[in-house]
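Here are a few exercises to work through with the model open beside you. Try each task before reading its solution.

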Amino acid sequence: MKNKLFWRLCVFIACGTVLLFWALSWLTDHTETSMSFISKEHQQQLLGYGEQAEQILHQHGEAALATWLQQLQRKENTWAAVVTSQLTPFAGTTLPNEYLEKFLLGRSVEWKIHLYFETNPTMEIPFSDRSSHLIIQLPQRMRPGALLIYAKVLLQIALPFVLLCILSFVIYQYVMTPLRRLENATKSFSEGKLDVRVSPSLQDRNDELTRLATTFDQMAERISQLIYNQRQILADLSHELRTPLTRIDMAVDFVEQKINPQQALQRLRYEATTMRNLVEDTLTLAWLTTESPNLKTDHFDLVELIQVICEDARFEYPDRALRIQLPEQEVMINSSQQALGQAIENTIRNGLRFTPVGGQIEVSLSRNEQAYRLLISDQGPGVPEAMLLDIFKPFFRVDKARTTSKNQNDKSTNSGFGLGLALAHRQISAVGGSIRATNYYAESGHLSGLQITIDLPL
């Protein structure tokens, strides 16, 4: 499901908001209900007024009761009266005893008081005979709900504020935890810790932030690999340049001392050419490694390209046989003639360099439903199995196991510095193909040489 973080936050916020409103409504109703009853102390006091009025009436008469009622009204700042209730039905009607028992002229002290009425309700305390009643307007001091305003402020402002702060904090932590890890990883990466990654710490999530962490890891992996490659190329290049620079210094000394000046000048020219080719190939390799270009703009005949390369190779290596097996025509679409031509040329020259004088190198091209397959087989000493992948690394040379044939006439410095197959690997990858190396053996079981397989998309 797309936008998982969005839906999770929607569900969380929606459920939290609904739950918050429900809780506030319930708490408000519960609080108002609990605050709508007269306190037990005041209930007892009102009932006590009723008992006292009944006692004064029976013991001292109505005059004493009138005096007491006046004192009670002044004391409570309200009005009070003692009345009788004699319901006399007429027109042939009757009242049931149940109604007469429950009939009241005012509210019972146990009843709920409406907090929003401006006027205090009239309370009734019945005498023991149920026919006389003390009626009194509830004194203001006994009215419940005095703290309702503070309860409303607490329930409608303070409590929602606290709960929303908690909800915001939870959402903030949920979102910021991976972002904080990403921030720390970015900071560590900027400080040179190129192996830092974020995804392993977010395995329990699967949302947009996880994909962001995965994208960061992919970026970090690519950048770190580029940095490692650049460092390795610079280190290898500086190492490879030391030898020709030393020879140039020696040749300059010979010229200054007039010791074989002609030979020294030839050495200077040769070493300058070597350094120029080395630097150019290294820059090309660095560009292919750093930019990872997608070279798919040319249309050309692959067979014709291979034939031209093989003719040039025969001219440079007349002491080796080059046998080719090619179809009449194979058109490459959306590729790069220059990049592919350099890659094939480097690979063929590499095979010729390590094929002994009088030996043979075979080049064949075939096609299936998905790709072209170019096979380049030499008769050199092969490569140790553990190093078959390493030969495509820059400046890698298997000098002990695979040495250049003697009496060669190779003017290319690519293979001599270990850049030929590395460039071929990058160039073929840029056109969407692949290259690999394998040792092949004769029927007798003896090593016959190295075979390079190049697969190119149709």
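Contact here means heavy atoms within 4.5 Å. Axes are lines fitted to C-alpha atoms, for helices over the stretch in contact, and angles run from 0 to 180 degrees between N-to-C directions. Helices (H or I, at least four residues) and strands (E, at least two) are DSSP runs, numbered from the N terminus. The model is predicted: local features need pLDDT of at least 70, side-chain atom pairs count only at pLDDT 80 or more, and totals for chains, interfaces and linings use all residues. Residues are numbered from 1 along each chain as its sequence is written, and side-chain values use heavy atoms, with hydrogens and water left out.

**Exercise 1.** Find which strands helix α2 lies across, and work out how they are ordered in their sheet.

*Solution.* Start from helix α2 (residues 40-60): it lies across β1, β2 and β3, at about 50 degrees to β2. Next, look at helix α3 (residues 62-76), which packs on the sheet as well, touching β1 and β3, with its direction at about 140 degrees to that of β1. Now read the sheet itself: it is open, has 3 strands in the order β1-β3-β2, and its pairing is antiparallel. Two strands pair if DSSP finds at least two bridges between them. The edges are β1 (80-84) and β2 (122-126), each pairing on one side only.

**Exercise 2.** Trace the partners of β3 (residues 132-137) bridge by bridge.

*Solution.* Begin with β2, which pairs with β3 in the antiparallel sense over 5 bridges. Within this pair, methionine 123 has isoleucine 136 as its bridge partner, and threonine 122 has glutamine 137. Then turn to β1, joined to β3 by 5 antiparallel bridges; here valine 82 stands opposite leucine 134. Finish at the β2-β3 hairpin, with 5 residues between the strands, where arginine 130 takes a positive phi near 65 degrees.

**Exercise 3.** Explain why β3 is described as largely enclosed.

*Solution.* Count first: 6 of the 6 residues of β3 are buried (under 20% relative accessible area, with exposed over 50% and partly exposed in between; 1.4 Å probe, protein chains only), so the rest of the structure largely encloses β3. Then check each face: Ser132, Leu134 and Ile136 are buried on one side, and His133, Ile135 and Gln137 on the other.

**Exercise 4.** Describe the surroundings of serine 377 in strand β8 (residues 371-377).

*Solution.* Serine 377 counts as buried because its relative accessibility is 7%. Leaving out residues up to four places away in sequence, serine 377 touches several residues, among them Gln360, Tyr440 and Leu450.
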